[in-house]
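Where does the ligand sit in this protein, and what surrounds it? A short report follows the structure.

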Amino acid sequence: MKIKFSQYSLLGTLIFAAFNINAQTKSNQATKAKIASIVKKLTLEEKIDMLHANGIFTSAGVPRLGIPEMVTDDGPLGVREDVKEGWGSANLTTDSATFFPNGSALAATWNPALAYRYGHDMGEEARARHKTIMLAPAFNIARTPLCGRTYEYYSEDPFLNARLAVQSVKGIQSQHVAACVKHYAVNNQEVERNRVSVEIDERALREIYLPAFKAAITEGNAWTIMSAYNKLRGVYCSENDYLLNQVLKGEWKFKGIVISDWGGTHSTVNAANHGLDLEMGSGPIYNSYYFAKKLLDSVKAGKVSVKVIDEKVRRILWVIYRTSMSENQPTGKLNTPEHSKTVYDIASESIVLLKNDKHLLPLNTSAIKSIAVIGDNATRTFHLGGFGAGVKARYEVTALAGLQNRLGKTIEIKYAQGYSGVYKPARRNGNEEVSKPDTAMIQQAVATAKSTDMAILFIGGNRDYESEGRDRKDLGLPFHEQELVDAVTTANPNTIVVVVGGAPYDISKIKNNNHTVVWSWYNGSENGNALADVLTGKVNPSGKLPFTFPAELKDSPAHALNAYPGENLKVDYKEGILVGYRWFDTKKIEPLYCFGYGLSYTDYKYSGLHTNKNSYKLTENITATLKIKNTGKYSGKETVQLYISKAGSKIERAEKELKAFKKVKIEVGETTDVALSIPVKDLAYYDVKTRTWVVEPGKYKLLAGTSSRDIKETATLTIN
Ligand code: BGC
């Protein structure tokens, strides 16, 4: 029998793979043996010391055995500045870093390859700054648009979250730095986050809130995870046997460390026995922690077994052997041009063109002589602000600086502040009302707008206004920005409105009254350059909204059902699986802007959606293929979104669910074939009775769209 070349190469690949698996198994066994021998040598006191913080971001190693301490750091905007006890700046000159775009900006790119680069580059910076664990990525579901941390998180959709989370984790860990995925689980509001209990049915938990965590662990292989502050069904997440022991360590076979959120541990025996491995916190009396002397006493009293302690120590050593004690560690890199390029690419693919009715964009730069750049957000930076992690950015290009960089030589640019974005929260949970608009600033803005060919008006939130630790009170634009928009638009009808934010705002009046509207984010060190390139057309916008903008807050599911922020410290997730667009579509409520929405300077024509087969078995993959033609005048990137819909289901279903997406670059006049794959098992719903995933047989509809509500092509298929 003759063996063909292709068979040789297949044989070669198989031998190489077998060799690799073998080498990997051997090295895993060697590490296991080393860990076992270390555990034998440790005293109980040394073990307990490894299980709690000994500094704001550190936990003890064992110097006599050469085990380094673990150094964690925030994430997700970049590697934060170093702090000293009490959270004050350590005043170093070596800890400035790259500021990466916020989570919802990354999600708006719909580009998992960029999520990998984000993780990779942040991992390199973490490595250069000697961190063991990056406290990122963060991807709790955007259940309510008001959540103060929406800007840190990704989206309202579990599938989009999962695709991005897996790549972010892989990117970070490629640098021998552990990712810490957070916050596990259902940490979807900041109001009473330290006390509130989430009451949720199992199906919604499994279908909406857990999938991205599961994917980050089982596909992304995240080495650490952070337990959330809140309770799930009456039990704190940091001592929740169901979440930690049964689901995470049991079902998902998680091998790494469960780290508490800072100050989020509430017991010794329960937390230790129910799956928490490492207690972190902000207070300096570390010996008073639940996992310090109290844990030692509990072991001595027989309430926590040495076996449980050893298991935690093994997990910590397992992570240390993959990070600070790993072989072939990279040395890391800080603030490189490559990192800036990643930031630029994410930022430029995240910006969402909401409206371009007069084709004012891209700017006709040869015809424009003067531009009024107006608004506090044009000169504001976003690397720091509010409560929670920021970055001491090596640099950040503001929107005004970006426009000056790109246009300053040929176009006269005049700036007026328009409003003050200085914000001080008045109450714990809510946003301060600024009493009156600043008429002097508005008048100055109007005069500037009148004296120029056109105006670009920068409004929206900022990092003080959207913050960890509190939710927004409503969706209204802050700082009396609407008055400014009205006045400037009247003064100069050629006004482009750029709204900057990390979460939905009520911009219905702007949508109605203004012809040109752009959405931008807290877009990292390269913010202004990316924005200027989108406005001038060097980059064709391709961002798509990662969450629904409701027309009114009361349309949003948690608010429609009066299921936020809860009563008597309980919040009942009454909307179940109908989160985000699942709710709006199923209940036929028109949003202001739908999930997945975003325009381009060009036009795309979809055609010919078909599947590789008509009917499928459970173990198969559905391959859907379609053609997209760029029929406009600019080359661009389009994200094809593939939703699935099941009519006549015997169970409650969302009208449609995202199951695949792909971003493709298409040149002018070109047609591209796009193939998307959906494993049939991904069509399953979680059956609460049998506690299993079930694929319902029958007919399904595939919907290919440019947004969740602009479906261009459909196809049907049958599952046997
Ligand atoms: C946040 C975490 C963060 C930790 C350490 C907590 O307040 O919830 O996301 O990693 O602080 O800064």
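The sections below cover model confidence and then the ligand site.

## Model and confidence

This is a predicted model; local features need pLDDT of at least 70, side-chain atom pairs count only at pLDDT 80 or more, and totals for chains, interfaces and linings use all residues. Residues are numbered from 1 along each chain as its sequence is written, and side-chain values use heavy atoms, without hydrogens or water.

Mean pLDDT (the predictor's confidence in each residue, from 0 to 100) is 96 for the protein. A value of 70 or more is reached by 96% of residues. Residues 1-6 stay under 50.

## Ligand shell

The ligand has 14 residues around it (a heavy atom within 4 Å). D74, R149, H183, D261 and E468 come nearest. By class, the shell holds seven charged residues, six nonpolar and one polar.

## Polar contacts and burial

Three side chains make polar contacts (N or O pairs within 3.5 Å) with ligand oxygen atoms. The distance is 2.4 Å for D74, 2.7 Å for H183 and 3.0 Å for K182. Taken alone, the ligand exposes 310 Å² (Shrake-Rupley, 1.4 Å probe), and the protein buries 93% of that.

Key:
Contact = heavy atoms within 4.5 Å. Polar contact = N/O pair within 3.5 Å; in protein donor to acceptor, adjacent residues only side chain to side chain. Nonpolar A, V, L, I, M, F, W, Y, C, P; charged D, E, K, R; others polar.
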